[in-house]
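Here is a friendly look at how charged side chains pair up in one protein chain. Please keep the structure open as you read.

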Amino acid sequence: MGTFLVIVTKYLFMLLMLFYTWECFSALKCKNPYKASGIFQRQNGIIFATYLLGIVTIYLNQTVIDPVYIIILGGAQMCYLIVVLGIFPIIYPNINKAVLSNMCMLLTIGFIIITRLSLDDTVEKFSFQRGVSQFIIVVIVAMVSLIVPYLMSRFEMWKYLTWAYCIAGLVLLSIVLVFGKLSNGAKLAISLGGFSFQPSEFVKIIFVFFIAGMLNKSTKFKNICLSAVFAGIYVIVLVLSKDLGSALIFFMIYIFMVYVGTRKIRYLVAGFGGLSIASVIAFKIFTHVQVRVDTWLNPWPTINDDGYQITQSLFAFGNGGLTGTGLFQGSPGDIPVVQQDMIFAAIGEEFGAIFGMLLILVCLSCFMAFLITAMEQISLFNKLVCVGLGVEYAVQVVLTIGGSLKMIPLTGVTLPFISYGGSSMLSSLIIFAILQGLAIVGTARRKTVRRKTPVEGTKNGTRGTAKIKKLEHTQEIKINAKREKKN
């Protein structure tokens, strides 16, 4: 009976994820609000079904704690999903519901896998209490993030705080450089009142606002050079802290934001050329980078030492195959730091490679939503913020999943909304809340444009869509011309 349940549940997980992914991309291309509403309702149903299936499977298989605690945690997390999916659209009717659903689906997967790992006594220094604390952080941050869309959509002051962002970000990174505690050879976090805090997760957001503010003032060569100097200082401080994963994310954010702001491909080419040179220099200077690259190229000679983590990850994917072993049927506890850096390997083992590929597609749809929101913005500042945060999210996903699959060297980066980590969870929720604020701005802009132009179905409606696009383009040209004249 137990084997039968394992087989049924793992295929149900895969089918639910398949249906959700299909609806995910259907929502991105759907223009009809009535059809879109139906898609979101189906997505919400799939999210609830996935979580119920996961928590019931955990309840039936775990043997570590009293099952009552599983029921309490499951009820609390289900209530959280109901509140978020039900309350947010009421408070903010114009939010991007596709992004909201994706965030909740990723959180659902995170709730399930973190709870499963927290009940595995083979996972080093991991316990059920840590799984509960992760959920508490999510609840608190979700309550605080309720105000973020309001602040982003109601106030214009954000574009005028450029140098405040610059100073605040550099101060936080410098504090880590001086007072941070070493973790695997790098200074990543500081301790405050018994809690570990990783400032670089929040400086990424501050950095995006800083670069957006710089490019919003002017995209002339002189200003590009000035922004490059300060971006370089950020990266140098991170390199001195040996936080090379974050340094790479900052670098990628800057390159793509400059390209979008200037629309000049030479900056993109120069950026990747500089990245190649910097990578070679980092390899020559830092011993732990050499170790990671050597381990990435051939981990098998050091399978019991430096190559242990990546080889265990590969074994996990091999054990899981296409459909996975099923929850509690794998051995993710054999992978070092599985709940943070290697969470995707645990998903690949127990949920399967097909589920993992569908998860990647959901993450891709999130990135596409960032770009769609960016295209809806008139303000260059808002547009650049959307692009910068989208690139940050995408690069973090690529680094985490690529490292687990041995496609790139390990960087120690977490998977947003799924991996364990308070700082990572907090920054991810803030990023998505900022996007929702800008989505509200974009929706208001579309409604304003449509009120001023004929719509399809009216006497002059045959060319309504073309006139809307023409007016939008004219408005953007006027705004950019005023900005250039001011500079």
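The report below goes through the salt bridges of this predicted model.

The count comes to three salt bridges. The table lists each pair with its N to O distance.

| Acidic residue | Basic residue | N to O distance |
|---|---|---|
| E23 | R42 | 2.7 Å |
| E350 | R116 | 2.7 Å |
| E201 | K204 | 3.6 Å |

Let's begin with E23 and R42, whose closest N and O atoms lie 2.7 Å apart. This bridge links distant parts of the chain: E23 sits in helix α1 (residues 2-29), while R42 belongs to helix α2 (residues 33-61), 19 residues apart. The two partners also have their own accessibility values. E23 has a relative accessible area of 12% and is buried, whereas R42, at 43%, is partly exposed.

Next come E350 and R116, which meet in a salt bridge at 2.7 Å, N to O. Here, too, distant parts of the chain are linked, with the two positions 234 residues apart in numbering: E350 is in helix α14 (residues 343-350) and R116 in helix α4 (residues 97-118). E350 is buried at 2% relative accessibility, and R116 is buried with a relative accessible area of 2%.

The remaining pair, E201 and K204, bridges at 3.6 Å, N to O. Where do E201 and K204 lie in helix α8 relative to one another? They are three residues apart in this helix (residues 200-217), so about one helical turn separates them. Both E201 and K204 are buried.

How values were computed. Residues are numbered from 1 along each chain as its sequence is written. This is a predicted model: local features need pLDDT of at least 70, side-chain atom pairs count only at pLDDT 80 or more; totals for chains, interfaces and linings use all residues. Side-chain values use heavy atoms; hydrogens and water are left out. A salt bridge is a side-chain nitrogen of Lys or Arg within 4 Å of a carboxyl oxygen of Asp or Glu. Helices (H or I, at least four residues) and strands (E, at least two) are DSSP runs, numbered from the N terminus. Buried means under 20% relative accessible area, exposed over 50%, partly exposed in between (1.4 Å probe, protein chains only).
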